[in-house]
Amino acid sequence: MNALQLIGLRKAFERGTPNEKLALSDVSLDVARGDFITVLGSNGAGKSTLFNAILGKFPLDRGRILLDGEDITRWKDYRRALNIGCLYQDPMRGTAPNMTIEENLALAYTRKASRSFFAVNRRDSGYFKKLLKDLNLGLEDRLKTRMGLLSGGQRQAASLLMATIAEPKLLLLDEHTAALDPATAEKVMALTRRIVAERNLTCLMITHNMQSALNVGNRTIIMDNGGIVLDVSGQERDSLTVPGLLELFRERSGKALDNDRMLLER
Ligand SMILES: Nc1ncnc2c1ncn2[C@@H]1O[C@H](COP(=O)(O)OP(=O)(O)O)[C@@H](O)[C@H]1O
Ligand SMILES: [Mg+2]
């Protein structure tokens, strides 16, 4: 059984107006359990919209979404959030800046444990402390620090822990290292790989960094104009270089991959 199945997803924004935009056009994707898929695409290609569709942020015009074989197409977003972890570029999205690291972790943990949010007992504190110690970021002694006081990298690391502590069926990362300086981005990326591997998570990661799109995970898709135009894995992907990837994209879509941030990094 697939961890995630997207069947013919279609979403047009501002339907029936002159601004109508087909953000997802017949997107289908089978994601195997343990797949770590990197997602590339020009600005406005529909990458974040695809994640939002999976998260249930809006009703689809057409299509079905299956998570672990269960049809979640009509599930409300908060119900999906119990099974899907997500992280964004802005580290404050999805965390409570005025709560301590410990409270944030407890809140994330409760999602699965379905205990009272306030029941952070000693054992949990010890458990959180151990998890933080494993991150090697000096966060283990800062359980009582408010999230808002951490550096960007520390916040993303803590957010990553929050997003995965309840062992979600799916982890969605939307350019979660894009706002960090290169050295910190690399650290958070290394941590991401470790957590995904150790917890055997199924993960989709949007990135504008083509090299890490090829280095990280086991499969890469490229979106364009609301659709998936390229899907590479296995040997084909192993032997692919960034110029090769760009060339392949040009062949399939008839144009160059164009993303402001990508251009900056080339
Ligand atoms: N809530 C929305 N309302 C109207 N248009 C939207 C909305 N969200 C996304 N879009 C449009 O859908 C297209 C895809 O956007 P998005 O998924 O954010 O692209 P990406 O993440 O690949 O850069 C863009 O043209 C964007 O302007
Ligand atoms: Mg986006």
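**Entry 1: helix 5**

I began with the residues of helix 5 that are buried, and I found Gly153, Gln154, Arg155, Gln156, Ala157, Ala158, Ser159, Leu160, Leu161, Met162, Ala163 and Thr164. I record at once that the model is a predicted one. The helix is mostly covered, with 12 of its 13 residues buried. I then looked up its length: helix 5 runs over residues 152-164 and reaches 18 Å from its first C-alpha to its last. That is close to the 18 Å expected at 1.5 Å a residue.

**Entry 2: Leu137**

I turned to Leu137, which I located in the loop between helix 4 and helix 5. Leaving aside residues up to four places away in sequence, I noted that Leu137 touches Gln154 and Ala157. Both of these are on my list of buried residues in helix 5. Is Leu137 itself buried or exposed? I found 18 other C-beta atoms within 10 Å, so Leu137 is partly exposed; burial would require 20 or more. I also checked Leu137 against Asp77, 60 residues apart along the chain, and their C-alpha atoms are separated by 32 Å.

**Entry 3: Gly126 in helix 4**

I placed Gly126 in helix 4, which covers residues 122-135. Gly126 has 10 C-beta neighbours inside 10 Å and therefore counts as exposed, the limit for that class being 12 or fewer. I looked up Glu140 as a partner for Gly126: the two are 14 residues apart in sequence, and their C-alpha atoms are 9.7 Å apart in space.

**Entry 4: the two domains**

I recorded the division of the protein into domain 1 (33-60 + 69-83 + 168-266) and domain 2 (96-167). Their C-alpha centres lie 25 Å apart. The contact takes 15 residues from domain 1 and 11 residues from domain 2. Which helix gives the most to the side of domain 1 that touches domain 2? I found helix 6 (residues 182-198), with six residues. By class, I noted nine nonpolar, four polar and two charged residues on that side of domain 1.

**Entry 5: the nonpolar core**

I next examined the largest nonpolar core, which has 64 residues. Those with the most contacts inside it are Val39, Leu105, Ala158, Leu171, Leu172 and Cys203. I noted that this core draws at least three residues from each of domain 1 and domain 2. Ala158 I had already met among the buried residues of helix 5. I followed Val39 further: not counting residues up to four places away in sequence, Val39 touches Lys47, Leu204, Met205, Ile206, Ile221 and Met223.

**Entry 6: the surroundings of ligand 1**

I listed the residues around ligand 1: Phe13, Glu14, Lys21, Ala23, Gly41, Asn43, Gly44, Ala45, Gly46, Lys47, Ser48 and Thr49. Strand 2 (21-31) and helix 1 (47-55) are the elements that give two or more residues to this shell. Helix 1 gives the most, with three residues. I counted the shell by class as three nonpolar, six polar and three charged residues. Lys47 of this shell is also one of the residues that Val39 touches.

**Entry 7: positive phi values**

I then looked for positive phi. Most residues other than glycine have a negative phi. Asp68 has a phi near 50°, a positive value in a residue other than glycine. I found Asp68 in the loop between strand 4 (62-67) and strand 5 (70-71). With 15 other C-beta atoms within 10 Å, Asp68 is partly exposed.

Glu175 is not a glycine, yet it has a positive phi of about 50°. I located Glu175 in the loop between strand 7 (170-174) and helix 6. Glu175 has 19 other C-beta atoms within 10 Å and is therefore partly exposed, as 20 or more would be needed for burial.

Gly254, just after helix 9, takes a positive phi of about 75°. I checked helix 9 (residues 242-253) as well: its 12 residues should span 16 Å at 1.5 Å a residue, and its end C-alpha atoms are 16 Å apart, which agrees.

**Entry 8: Gly227 in strand 10**

I closed with Gly227, found in strand 10 (residues 227-233). Apart from residues up to four places away in sequence, Gly227 touches Ser25, Asp26 and Val27. I noted 18 C-beta neighbours inside 10 Å, so Gly227 counts as partly exposed. The C-alpha atoms of Gly227 and Asn200, 27 residues apart along the chain, are separated by 28 Å.

Notes: Residues numbered from 1 in each chain as written. Chains lettered and ligands numbered in written order. Predicted model: local features only at pLDDT ≥ 70, side-chain atom pairs only at ≥ 80, totals over all residues. Helix = DSSP H or I, 4+ residues; strand = E, 2+ residues; numbered from the N terminus. Core = buried A, V, L, I, M, F, W, Y, C linked by C-beta atoms within 7 Å. Domains from an automatic or database assignment. Contact = placed C-beta atoms within 7 Å. Near = placed C-beta within 6 Å. Nonpolar A, V, L, I, M, F, W, Y, C, P; charged D, E, K, R; others polar. Expected span 1.5 Å × (residues − 1).
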